[in-house]
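Welcome, and please take a moment to look over the structure below. The report after it is a friendly walk through some of its parts.

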Amino acid sequence: MDLKVRHITKQYRSKTVLEDIGFDVGPHELVSIVGPSGVGKTTLLKIIAGLETADTGTVHFSDPPTQHHPVIIVFQDYVLFPSMTVRENIGFGLQAQRMGKDKIDRQVDRMLDYFQIADKGDHYPAQLSAGQQQRVAIARAMIVNPAVLLLDEPFANLDRNLKMETARFIRRTQQAFGIPTISVTHDLEEAFSMSDRIGVLLDGRLRQFDTPKAVYFNSVSPQVARFLGPVNAIPRNLFPIFRVPESETDAHLARPENLTITADAQGPGRIAEKTFAGHYTAYTVTIQDNAYTVYSQADQFTPGQRVALRLKPY
Ligand SMILES: Nc1ncnc2c1ncn2[C@@H]1O[C@H](COP(=O)(O)OP(=O)(O)OP(=O)(O)O)[C@@H](O)[C@H]1O
């Protein structure tokens, strides 16, 4: 099963929200669409789910969804039915398909085991932690064998540790069940950690669609690069001292982890600031009145010290 999104355009009251959006999602693939708040991520997801109509464009499923193989969308507040137990919540979709009780029970048991909430089957949602509620919501989505799984800000309500754990869990589950999945989020860490490919939506357009590493280290524009994290623009006249390969661009974009510092008493740079950041040290280095951010494993450089900066290939 794969999914092709082609030339999607959407306006609300003559304001263009989405313009000519196109991408593919392969079988077993998890794609994240990232972008700032209000850029149209939820609108795009709703169009793919058929809950909203596009002005132009198409969404093509290689294996068209059916009642027994539906497109499932999980919204950020993952509303569980508060007066139903966890078992009843998870089995709800199968009951709606009029499956027999024994069969539903067996499938719900499998889900409870897989999602490691077997001891919570008879609890009500209010008795669960946010992470457990999240698992119930995903289990409820997975049990109906969805053709495509759509996640809208899946971890918005979780703290950082739980978020990363849940991201890995969703990744494993989606692969184990072989379900093409699209997640929309403004949380970059989450998108980088679980996606096969990432689409960057800025000003209504999909500016880049590629692997996490490629969008991060090889951003197609300064706008995309800045949205994805801190970036240094090295001006053309400084290419030789940074050892940037010759090219036609006016400035080379380098992530802080793409620069290395070496001690050099005659070097063009000076350490202006040093900050401990856990698994690396963040330095601000000035060269000709420009400041560059460098993340380094080396912590021996001190403010005021003269240094050289070099581009390191990734
Ligand atoms: N039904 C609607 N009628 C009119 N405008 C709408 C409607 N739905 C969304 N919009 C507008 O379309 C734009 C995109 O909204 P959308 O919810 O898709 O953004 P988003 O990227 O998901 O935002 P967030 O990250 O904050 O959830 C916003 O400006 C929003 O106000």
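Helix H4 (residues 130–142) and helix H5 (residues 160–177) pack at about 15°, and their axes are 11 Å apart. Helices here are DSSP runs of H or I with at least four residues, strands are E runs of at least two, and both are numbered from the N terminus. Axes are lines fitted to C-alpha atoms, for helices over the stretch in contact, and angles between N-to-C directions run from 0 to 180 degrees. H4 and H5 are therefore roughly parallel to each other. That word covers angles under 35 degrees; over 145 is roughly antiparallel, 65 to 115 roughly perpendicular, and the rest oblique. From H4, the contact takes in Gly131, Gln134, Ile138 and Met142, and from H5 it takes in Leu162, Thr166, Ile170, Thr173 and Phe177. Residues are in contact if their C-beta atoms, placed from the backbone, lie within 7 Å. By class, this contact has five nonpolar, four polar and no charged residues. Nonpolar means Ala, Val, Leu, Ile, Met, Phe, Trp, Tyr, Cys and Pro; charged means Asp, Glu, Lys and Arg; the others, Gly among them, count as polar.

A word on the source: this is a predicted model, where local features need pLDDT of at least 70 and side-chain atom pairs count only at pLDDT 80 or more, while totals for chains, interfaces and linings use all residues. Residues are numbered from 1 along each chain as its sequence is written.

How do helix H2 (residues 86–96) and helix H3 (residues 101–114) cross? Their axes come within 9 Å and cross at roughly 130°, which makes H2 oblique to H3. Arg87, Ile90, Gly91, Leu94 and Gln95 of H2 meet Ile104, Gln107, Val108 and Met111 of H3. This contact of H2 with H3 has five nonpolar, three polar and one charged residues.

Now for the sheets. Strands of a sheet pair through backbone hydrogen bonds, either parallel or antiparallel. Here two strands count as paired if DSSP finds at least two bridges between them. One open sheet has three strands in the order E2-E1-E4, with antiparallel pairing. Strand E2 (15–25) and strand E4 (56–61) are at the edges with a single partner strand each, so one side of each is left without a neighbour in the sheet. Neighbouring strands of this sheet are turned by 20° on average, direction ignored. Helix H1 packs on the sheet, touching E1, E2 and E4, and its direction makes about 125° with that of E1.

Another open sheet has five strands in the order E12-E16-E13-E14-E15, also paired antiparallel. Its edge strands are strand E12 (259–263) and strand E15 (290–296), and the twist averages 40° from one strand to the next. In the hairpin of E14 and E15, with two residues between the strands, glutamine 288 takes a positive phi near 45°.

Some of the antiparallel pairs are set out here.

| Strand pair | Bridges | One pair of bridge partners |
|---|---|---|
| E1 and E2 | seven bridges | lysine 4 and aspartate 24 |
| E13 and E14 | six bridges | phenylalanine 276 and threonine 281 |
| E14 and E15 | seven bridges | isoleucine 287 and asparagine 290 |

Which residues surround the ligand? They are Tyr12, Val17, Gly35, Ser37, Gly38, Val39, Gly40, Lys41, Thr42, Thr43 and His186. A residue is near a molecule if its C-beta atom, placed from the backbone, lies within 6 Å of it. Helix H1 (residues 41–49) gives the most to this shell, with three residues. By class, the shell divides into three nonpolar, seven polar and one charged.

How values were computed
Two residues are in contact if their C-beta atoms, placed from the backbone, lie within 7 Å.
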